[in-house]
Amino acid sequence: MKRTHGSGRPARSKDKAPNTEGTESGLVVATHGRHVVVENPDGERLICHPRGKKSEAVVGDRVRWQHIEGGDEGVIVAVDERRNLLWRQDEWRSKSFAANLDQLLMWIAVEPVFSEMQLTRALIAARSADIPVTIVLNKVDLPGADTARQRLAPYRAMGYNVVELSLKDKGQGEGDAAREQVLPMLQGKASLVLGPSGAGKSTLINTLLPDARAEVGEISQALNSGRHTTTSSLWYWLDDTRTSAVIDSPGFQEFGLHHIPPTELVRLMPDLAAHFADCRFHNCTHRQEPGCAVRAAVDRGEISPIRLSLYTDLFEELSQPRW
């Protein structure tokens, strides 16, 4: 695992910088295994491969690439410095999957009931990478809306922007109004949209991008003539001027947090961070130490007990050896 700075950016390598003479600039718009799809400044797309054995390019990366002689594909020569980077986790393995984002839209719904652990992991990952987050609560027309609002109340109190809507399929008036509510949030930004199955994210993508399925098919076909049927992440432009984009990441499981030291975790949870400086011990882990200001705030009702429980579970997870 590469060590990262607090922003989530990998530490810069001390290796000699690659020679980029004769290369072209491009944007990574899709990935699948070691293959990536790169878009050049004219909007043309082609398959590119890593120069070495390991592919480090992810969707959102700005890269330098060059054509493979005698073919219609390319090779990645260098990945430009990133503004930010997010990781996903599969069992015990973490892997970067999106870079250079302007915001994260965490798309959840009244039904199915959302996982507060998954939401918390997303918020911690984004804060670590200095990426603004908007929590979108969909399906607020359902009977459980008040319960969902109550569960999100602590996040509103922390300062997170929570947007409520009820996105419908095409042709329904309420859905049209909700789309008008979503589009302004996306203007001029590269937005990663993530959410659990059934929350309505697919409805959002298909509504904003009616040609999305065709684009997925074209990319899959280009990657390997039908052998690759899905891609891990996709970048979609929302306008002809290519100034607004959404990044969809199907099959997403969990945010990887193992680049974050467990002792830094409390600083990335705003409700806990407001109190930890008052702990008796400067190295308090907020689990069993006497004079813990964080646990005292829970006792006073200033921090939700659920939030402390989430912190404790994550602290234990991040404290486990990785090898």
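Author: Quick note before we start: strands here are DSSP runs of E, at least two residues long, numbered from the N terminus. The model we're looking at is predicted.

Reader: Okay, where does Thr241 lie?

Author: Look at two strands, S12 (233-237) and S13 (245-248). Thr241 belongs to neither run, as its place is the loop between strand S12 and strand S13.

Reader: Is Thr241 buried or exposed?

Author: To count as exposed, a residue needs over 50% relative accessible area. Thr241 has 59%, so Thr241 is exposed.

Reader: Which side chain does the side chain of Thr241 make a polar contact with?

Author: A polar contact needs a pair of N or O atoms within 3.5 Å. Here the distance is 3.3 Å, and the partner is the side chain of Thr243.

Reader: Now Thr134: is that one buried or exposed?

Author: Thr134 sits in strand S9, residues 133-138. The cut-off for buried is under 20% relative accessible area. Thr134 has just 7%, so Thr134 is buried.

Reader: What does the side chain of Thr134 join in a polar contact?

Author: Leaving out residues up to four places away in sequence, Thr134 touches several others, including Leu104, Val163 and Asn161. The polar contact, at 3.5 Å, is with the side chain of Asn161.

Reader: Zooming out, how many helices and strands does the chain have?

Author: Strand S9, home to Thr134, is part of that tally. For the chain, the secondary structure comes to eight helices and 14 strands.

Reader: And what percentage of the residues in the chain is buried?

Author: The chain has 323 residues. Buried ones, Thr134 among them, make up 50%.

Key
Residues numbered from 1 in each chain as written. Predicted model: local features only at pLDDT ≥ 70, side-chain atom pairs only at ≥ 80, totals over all residues. Heavy atoms only, no water. Helix = DSSP H or I, 4+ residues; strand = E, 2+ residues; numbered from the N terminus. Buried < 20%, exposed > 50% of the residue type's maximum accessible area, 1.4 Å probe, protein only. Polar contact = N/O pair within 3.5 Å; in protein donor to acceptor, adjacent residues only side chain to side chain. Contact = heavy atoms within 4.5 Å.
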